[in-house]
Structure formats: C-alpha cells, structure tokens
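Here is my note on the model, set out as numbered points. Please read it with the sequence and the coordinates open beside you.

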Amino acid sequence: MANLRGYPLGAVMLVVLFGGLTACGGSSGSDTPPGGTNGNGNGNGNSNGNGDPEPTLATIQQTIFSPICATCHTGAGAPEGLRLDSEQASYDHLVEQPAQGVPALMRVDPGNPDDSYLVRKLEGGPDIVGDRMPQGGASLSSAQIALIRDWIANGAAREGTGDGATGVVLAGVEDSASGVELTWRFSRSLAEHAQDPHTWQVYLRTDGATRPLTSDEYSYWLDERALILNLPTQADATLEVLFNDPASGLWLDHRGRVIDGDGDGQDGGRYRYVYPH
Ligand code: HEC
C-alpha cells in the first residue's frame, strides 16, 4: 500500500508520476527517499507498491479482514455472529445487516459510511457498544479506514468498484517547511489527463486582493489516487484551491466519468477548499 505521508515531496519542486507519463519542471534540490518521512501506515501485508489499492471488497478482505479481523471473527462462534473470514462471509454478514450493538444501524449501509456501524467501530466513535476494533489491537491506519469508507461510499459492491460517483476527500492538512501540506485522496484512479497541473488553481487572497499562485511558488505531487499540494502560507492571507472546475478542466476517473467535486454523490461539480478552513 502506498503511504501518502511517505511521498517524496520534500524539496522536489514539480513531479508528475503517472504510468508512463512523466513531466517534470523546475526540479531542484535533494530528494527525500520514498517512505522516508513520518510514515503513519501500519502496513498489514498490503504492499503492492502501485499506488493506493482500489476500494473493493476483495482488497479489503485480503489486506484487512483476513489478516487482522478473522483471527477472532471466524467460524460459527464469531463474535456477534459476524464472520469476516472470507469475502462472501464478510459481504453476507456486513452489508445491510443490522448491528448487534446498535440495532438501529446497519453494519454497512451502502453509500453511507458515517452511519455504518462497521466504520464507527473502527474509528471508535463515542456511541459504540463494546470496544473499538480490532479489539485489543492498534487502530487501523487512516488509509485503511479510508479504503473501507470509500468502498461503502461507492455502494459497498460485492465485486469491482461499484457504480457510485468517484469522490474526493481532504485526507490531511499538515504544517510543512514551506507552509502547509494538503493531501486529497480520490476513491478511484483518475484518468491520465487529470494529471495536467493547469486543471487546478490556487489563489492567494489578502485583504482586498486575490491573485493566482504561479506554479513555481509551490510544489505538488499527483498520482492516480492522490493530490498533494505544498503551499506557502502567509499571515492574513487565505488560500483557495479549486479543481474540477468547468472553466479550467474537468477531472475524469479511469472509467471516463467526471469526479464528484462538490460531494453530492453525483458525478461532477466543482471542488473548492479554503485554507485556513
Ligand atoms: C481480539 C478479537 C477481535 C479482533 C481481532 C476483532 N474483533 Fe471485532 N469484535 C470482537 C468482539 C469480542 C466483539 C463483540 C464485543 C464488542 O463489540 O466490543 C466484536 C464486535 C465487532 C463488531 C460489532 C458487531 C455488531 O454487530 O455489533 C464489528 C463491526 C467488528 N467487531 C468488526 C471488526 C473488524 C472490522 C475487525 C478487524 C479490523 C475486528 N472486529 C477485529 C473481537 C474482535
């Protein structure tokens, strides 16, 4: 599994890495070794090194349920009758199945990760009955939880990637040497032509004046499943990031569908984020 925190963003000014396409400009300075910065993934055998895994039940089964959960959630005596020891068992016991702990909630409510009891048990929400899962073990990493959230948001399909819109989530806001590092993750791989930096804009807004940042004022990292911008911050200024804007270019996923920028669950819509939020 690719670890977003591990992207060699550091001193690299402009890097585009996507399949065979490589476009570099203004590259300078020393490289940070991949994986060299504050990694937070706990990597549970899901390292394919090819970017983030697709949010499918198959991936989740292979990288999370089987190695981590099935030690307890197995066979006829599984806790709360919840078997997670095969893809079919997981599907049958999770999707649209009422939770034992909070029967008003489904364990997995397709399209609705926030109200899926599985997600609450993994995130350790205040309203759960019993323990955060995995019981007695370290929490899943945010990337692992995002994978499960994405699968549910996309409709919790038994196979494939589901038919839902491709979503984007702000996965991280962190101070960096030059200002702030913002990380977005996409629930499916993007098409290659989303990789053109002119399809997003960053505006710096100070009292009464707004100007676009030029590409040599910041660095970015983009691959098929994530965008990281390393932006300069300035007292009394806000930054506005826009993408998937009809005026400058839509972002398509690998199925050729416009990503869901405005988060309404439908394809399309402009994405806008203002920092500080
Ligand atoms: C060490 C044993 C153990 C491990 C490992 C474990 N669980 Fe559990 N799980 C339990 C027990 C016991 C319960 C019932 C008590 C409770 O809810 O705390 C439970 C309950 C649950 C429930 C609530 C079911 C319901 O309907 O109320 C969910 C969801 C769940 N586990 C998911 C997971 C997932 C996903 C993992 C892996 C990331 C996992 N568990 C790992 C022991 C475990």
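**Notes on the predicted model**

1. Of the 277 residues in the chain, 45% are buried, and it should be kept in mind throughout that this is a predicted model. The chain has four helices and ten strands, and their order along the sequence is β-β-α-α-α-α-β-β-β-β-β-β-β-β.

2. On the strand pairing, β5 (residues 200-206) and β6 (residues 209-212) run antiparallel and are joined by four bridges. The two strands form a hairpin with two residues between them, and at this end Thr206 in β5 is placed opposite Ala209 in β6. Gly208, which sits in the turn, has a positive phi of about 80 degrees.

3. On the aromatic residues, the count comes to nine aromatic pairs. One of them is the tilted pair of Phe186 and Trp251, whose ring centres are 5.6 Å apart and whose planes make an angle of 40 degrees. This pair links distant parts of the chain, 65 residues apart, since Phe186 belongs to strand β4 (residues 179-186) while Trp251 lies in the loop between β9 (238-243) and β10 (271-275). Phe186 has a relative accessible area of 0% and is therefore buried, and Trp251, also listed at 0%, counts as buried. Both residues belong to a cluster linked by ring pairs, whose members are Trp184, Phe186, Trp200, Tyr220, Phe243, Trp251, Tyr271 and Tyr273.

4. On the salt bridges, of which the count is eleven, I would look at the one between Asp114 and Arg149, where the N to O distance is 2.9 Å. Because Asp114 lies in the loop between α2 (87-94) and α3 whereas Arg149 lies in helix α4 (residues 142-153), this pair ties together parts of the chain that are 35 residues apart in sequence. Asp114 is partly exposed, at a relative accessible area of 48%, and Arg149 is partly exposed as well, at 21%.

5. Helix α4 takes part in a further salt bridge, in which Asp150 of that helix is joined to Arg185 of strand β4, so that parts 35 residues apart in sequence are tied together here too. The N to O distance for Arg185 and Asp150 is 3.7 Å, and both residues are buried. Salt bridges with shared partners also join Asp114, Glu123 and Arg149 into one network.

6. A salt bridge between residues closer in the numbering is formed by Asp85 and Arg83, with 3.0 Å between the closest N and O atoms. Asp85 has a relative accessible area of 24% and is partly exposed, and Arg83, at 32%, likewise counts as partly exposed.

7. Which residues are closest to the centre of the second largest pocket? They are His73, Pro79, Leu82, Lys121 and Met133, from a lining of 27 residues, and the space in this pocket is about 520 Å³. Two elements, α1 (57-69) and α3 (117-123), give two or more residues to the lining. By class, the lining has 17 nonpolar, six polar and four charged residues.

8. Met133, one of the residues closest to the centre of that pocket, is joined to Pro134 by a cis peptide bond with omega near -5 degrees. Pro134 is placed in the loop between α3 and α4, as is Ser139, which is partly exposed with a relative accessible area of 35%. The C-alpha atoms of Ser139 and Glu123 are 7.7 Å apart, although 16 residues separate the two in sequence. A cis peptide bond is also found from Tyr275 to Pro276, again with omega near -5 degrees, and Pro276 is in the segment after β10.

9. The backbone angles of two glutamates deserve a careful look, because most residues other than glycine have a negative phi, and most peptide bonds are trans. Glu80, in the loop between α1 and α2, has a positive phi of about 55 degrees, and this residue is exposed, at a relative accessible area of 53%. Glu96, in the loop between α2 and α3, has a positive phi of about 60 degrees, and its relative accessible area of 52% makes it exposed.

Technical notes:
Residues are numbered from 1 along each chain as its sequence is written. This is a predicted model: local features need pLDDT of at least 70, side-chain atom pairs count only at pLDDT 80 or more; totals for chains, interfaces and linings use all residues. Side-chain values use heavy atoms; hydrogens and water are left out. Two strands pair if DSSP finds at least two bridges between them. Rings of Phe, Tyr and Trp (its six-membered ring) pair if their centres lie within 6.5 Å; planes under 30 degrees apart count as stacked, over 60 as edge-to-face and the rest as tilted. Buried means under 20% relative accessible area, exposed over 50%, partly exposed in between (1.4 Å probe, protein chains only). On a 1 Å grid over the protein atoms alone, a cavity is a set of points where a 1.4 Å probe fits but cannot get out, and a pocket is an open set with protein on both sides within 12 Å along at least five of seven lines; lining residues have an atom within 4 Å of a point. Grid points are joined across faces, edges and corners, and a volume is the space filled by probe spheres set on the points. Ala, Val, Leu, Ile, Met, Phe, Trp, Tyr, Cys and Pro count as nonpolar, Asp, Glu, Lys and Arg as charged, and the others, Gly among them, as polar. A salt bridge is a side-chain nitrogen of Lys or Arg within 4 Å of a carboxyl oxygen of Asp or Glu.
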